[in-house]
Amino acid sequence: MGLFDAFKKKKPAGGPRPALPPRPMMRPGMVNKPDPQAENNFIIITLDSCRWDSFVAAEPKVITKLGKVEKRYTYASWTAPSHYNLLTGLLPHTTPQNVYASEYYKEDFYNYNERLGSKGTDIDFAAMVPALWLPQFMQAKLGYDTHARVSLPVLNPKTGINRGFDSFQLMDSHNDMRSMLPTMKFDGPRPHFYMLNVGETHYPYAKPDEDSSMWPRISGVNGVFKKMNDQIADKAESAEDDKFKEDFQFFDQDKLDELKERQIDTVRYLDGVFEELYDLVPKNTHIIVTADHGELFGEAGYFGHGPIMHEKCFEVPYLEGKIR
Ligand SMILES: [Zn+2]
């Protein structure tokens, strides 16, 4: 059966329709979950904008306890589409040659059987059809409690990304992974899925205790942040766009080198936060650490990510495993 055949509607069988079993009373927003069909807690962590060579240069000791660090490639060059793709279940890829995409996808999905510790329910591409949405599949088919903790406002709970989650929280600060930890609970009879979008590695590559007046300035980019936050709070300022055009100036290469060092330094800092995370998670928790896209620091005249076609925008670190 080809990939597209999986989407075709099955022909109804002849004869009278069988009666549906009685459905339990449901409150709006409540999801009918089966008994847990998998054993492991599962956490996907995206270090936002953390490019492959920044991660390697930081030489993190704790994060890498999960397993071998691989260089992989994201399907998208900025936050929103990259997280959408990730939540279809497709992880950053290995750019394999001489392989049909459909075969690669099938294998990528099939690997969830081991990651999640499937108890008999086959996790494969066909089981994800037609929604192709991992959180919903984990809730409704595997009986997980599903949660997102996000740092970047473009992933806020009003966006389309928030589907199939029991809880979804945009953190108060864009750069404080540590503040996510007390919100993570692993109690109750069900396994838990968490998606953590971590912002320290995103521009301006700042640790949470750094005074924001010390951040490197691209007024326009800071303005974009501010504007997004204001709009979420329903208090948009109309002069922001004009100010963006007036203020925007490109960094010189010394400044860009400094920014890259700052990103590397946030990975070193996060290594300490991961130690706290690893202490927190129960046995049988499968963790993936990766990035949603890379970042440019002056290569070929680019800074940042998004509308950029450059390999450094797509190279990301990838590692997965259990710590116990
Ligand atoms: Zn991002």
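## What helix α9 packs against

In this predicted model, the buried residues of helix α9 pack against four elements, namely β1 (41-47), α1 (52-58), β5 (192-198) and β7 (296-297). The buried positions of α9 are Leu 259, Arg 262, Gln 263, Ile 264, Thr 266, Val 267, Tyr 269, Leu 270, Val 273, Phe 274 and Leu 277. An α-helix has 3.6 residues a turn, so residues three or four places apart point the same way.

Helix α9 itself covers residues 253-280, and over these 28 residues its first and last C-alpha atoms are 41 Å apart, which is close to the 40 Å expected at 1.5 Å a residue. The helix nevertheless has a bend of about 25 degrees, placed at Gly 272.

## Arg 262 within the helix

Arg 262 belongs to helix α9. A residue counts as buried when 20 or more other C-beta atoms lie within 10 Å of its own, and because Arg 262 has 21 of them within that distance, it is buried. Its C-alpha atom is separated by 5.6 Å from that of Tyr 205, although these two residues are 57 apart along the chain.

## The seven-stranded sheet

Strands β1 and β5, against which α9 packs, also take part in an open sheet of seven strands, whose order is β2-β9-β6-β1-β5-β3-β4 and whose pairing is mixed. At the edges of this sheet stand β2 (70-73) and β4 (167-170), and because each of them has a single partner strand, one side of each is left without a neighbour in the sheet. On average, and with direction ignored, neighbouring strands of the sheet are turned by 15 degrees against each other.

## The edge at β4

The partner of edge strand β4 is β3 (residues 145-150), and the two pair in the parallel sense over four bridges. Within this pairing, Val 150 has Leu 170 of β4 as its bridge partner, while Ala 148 stands opposite Phe 168.

In a regular strand the side chains alternate between the two faces of the sheet. Strand β4 shows this alternation, for Phe 168 and Leu 170 point to one face and are buried, whereas Ser 167 and Gln 169 point to the other face and are not buried.

## The enclosed strand β6

Which strand is largely enclosed by the rest of the structure? It is β6 (residues 285-290), because six of its six residues are buried. Thr 285, Ile 287 and Val 289 point one way from this strand, while His 286, Ile 288 and Thr 290 point the other way, and both sets are buried.

Strand β6 has β1 as a parallel partner, with six bridges between them, and in this pairing Thr 46 stands opposite Thr 290. With strand β9 (residues 315-322), by contrast, β6 runs antiparallel, and the two are joined by five bridges; here Ile 288 stands opposite Glu 320.

## Thr 285 in β6

Thr 285 has its place in strand β6, and it is buried, with 20 other C-beta atoms within 10 Å. When residues up to four places away in sequence are not counted, Thr 285 touches Asn 40, Asn 41, Ile 43 and Lys 322. The C-alpha atoms of Thr 285 and Gly 117 are separated by 9.7 Å, and these residues are 168 apart along the chain.

## Helix α2 and its buried face

In helix α2 (residues 79-87), the buried residues are Thr 79, Ser 82, His 83, Leu 86 and Leu 87. Seen down the axis of α2, these residues fall within an arc of 130 degrees, and therefore they line one face of the helix. Among the elements that cover them are β1, α6 (134-140) and β5, so that β1 and β5 appear again here as they did beside α9. Just after α2, Gly 89 takes a positive phi of about 105 degrees.

## The protein as a whole

The secondary structure of the protein consists of nine helices and nine strands, and of its 324 residues 35% are buried. Among contacts between residues at least 6 apart in sequence, 73% join residues that are at least 24 apart.

Definitions and conventions. Residues are numbered from 1 along each chain as its sequence is written. This is a predicted model: local features need pLDDT of at least 70, side-chain atom pairs count only at pLDDT 80 or more; totals for chains, interfaces and linings use all residues. A residue is buried if 20 or more other C-beta atoms lie within 10 Å of its own, exposed if 12 or fewer, and partly exposed in between; C-beta atoms are placed from the backbone. Two residues are in contact if their C-beta atoms, placed from the backbone, lie within 7 Å. Two strands pair if DSSP finds at least two bridges between them. Axes are lines fitted to C-alpha atoms, for helices over the stretch in contact, and angles run from 0 to 180 degrees between N-to-C directions. The expected span of a helix is 1.5 Å times one less than its number of residues. The bend at a residue is the angle between axes fitted to the seven residues ending there and the seven starting there. The arc is that of the directions from the helix axis to the C-beta atoms.
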